[in-house]
Amino acid sequence: FEIIKKFKNLKIALIDYDILCPKTLILALENNNIKTFATQERFFHAFYSSYANVIVDTYYTNSIYISNVIKKSKYYDIKNLIPVGQYRSDLLAFYKRQSAPKEISKAKENGKKILIALGFPSPKNWFESHVDLILNWTAQIAFLDDIIKLSQNLENTFIVLRYKNLHWIKNEHFKKTIEKIHHHENIILCNNYEESFYSYKLCAHADLIIAKITSLADECLVNEIPVLFHEYTHNMKKLVLVYPYYLPSELICYNFQELYQKSKSLLFDSSSKIKDEIIKLNKTIYHVKEKGNIKNKIIMHLENWINENNKNLIV
């Protein structure tokens, strides 16, 4: 508080990552009458309790529904809620208009369905793996085996496995499974980490996404790209989506048979009821008054606020 007090002309602070910014810093800013602004990073964090919470003056939320959830929550302290949408979802709309990435372009040209599987990286060390219920090495192999089985059972489908990083595949524990992937022509492990937003480029051209819980999955659903959530391991069900959640049960899979049958329905059944659930999500849970141009909407609101309050603000 004393340090911030020295900056006499500081009137507004833009918080980069909503839940990670130290609450002591935000309280010090607000106690010095410095207005704080943040954008919601992850849709599902709004349903958490003390694990993920936000204190700011103005919060740009992912939907009208989310704003109402936050209003009722005791874990948030926000004065002004503005529903704008999921700002990274605009990337998917943008890349959809571009050429498909080289990993999938040939398969698309040959008329194959494109399935992107979004997995979690595993811990590097065995002692970390042993205590992690969801990311342990055995669970990782079980997930990879499921995706390999899908590549063998789904006709006319090309699968791309995509992770946030591939450091974990250097582990000898995964050697046989990775070799199996390399020996199947309808599945690849994407290793392009040089291009920015490459996961978005892949997902923009997908017919189906299979994912562990991730903000990218919500962003795909907003663009009506079908998503199925892989919510089980070799010995567990209901990993993350155990709260009375916002996602319909039709999008959640608790075993391989469900994963296979729902994948087949979404890929090859034009009248799939699961697609109806995705449309309903966009009319309710993900709904905002104006879709698209989300980043511009945020910037315009900030500029208007600055112009209305003080032309000489230091940010």
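**Exercise 1. Which residues in α7 meet which residues in α11?** Work out the contact in this predicted model, then describe how the two helices are arranged.

*Solution.*

Step 1: Find the two helices. Helix α7 spans residues 137-153, and helix α11 spans residues 256-268.

Step 2: List the contacts. From α7 come Asp146, Lys149, Leu150 and Asn153, and they meet Phe256, Leu259, Tyr260 and Ser263 of α11.

Step 3: Sort these residues by class. The contact of α7 with α11 holds four nonpolar, two polar and two charged residues.

Step 4: Turn to the geometry. Two packed helices are described by the angle between their axes and the distance between the axes. Here the axes of α7 and α11 come within 11 Å and cross at roughly 40 degrees.

Step 5: Name the arrangement. An angle under 35 degrees would count as roughly parallel, and 65 to 115 as roughly perpendicular; α7 and α11 are therefore oblique to each other. The crossing of α7 past α11 is right-handed.

**Exercise 2. Is strand β5 largely enclosed or exposed?** Then find the strands that pair with β5.

*Solution.*

Step 1: Check burial, where buried means under 20% relative accessible area. Strand β5 covers residues 113-118, and five of its six residues are buried, so β5 is largely enclosed by the rest of the structure.

Step 2: Look at β6, residues 157-162. This strand pairs with β5 in the parallel sense, over six bridges. Try locating Lys113, whose bridge partner in β6 is Thr157.

Step 3: Look at β8, residues 208-211. β5 and β8 run parallel and are joined by four bridges. In this pairing, Ile116 stands opposite Ile209 of β8.

Terms used:
Residues numbered from 1 in each chain as written. Predicted model: local features only at pLDDT ≥ 70, side-chain atom pairs only at ≥ 80, totals over all residues. Heavy atoms only, no water. Axes fitted to C-alpha atoms, helices over the stretch in contact; angles between N-to-C directions. Parallel < 35°, antiparallel > 145°, perpendicular 65-115°, else oblique. Left-handed = near helix turned anticlockwise from the far one by under 90°. Contact = heavy atoms within 4.5 Å. Nonpolar A, V, L, I, M, F, W, Y, C, P; charged D, E, K, R; others polar. Buried < 20%, exposed > 50% of the residue type's maximum accessible area, 1.4 Å probe, protein only. Pairing = 2+ DSSP bridges.
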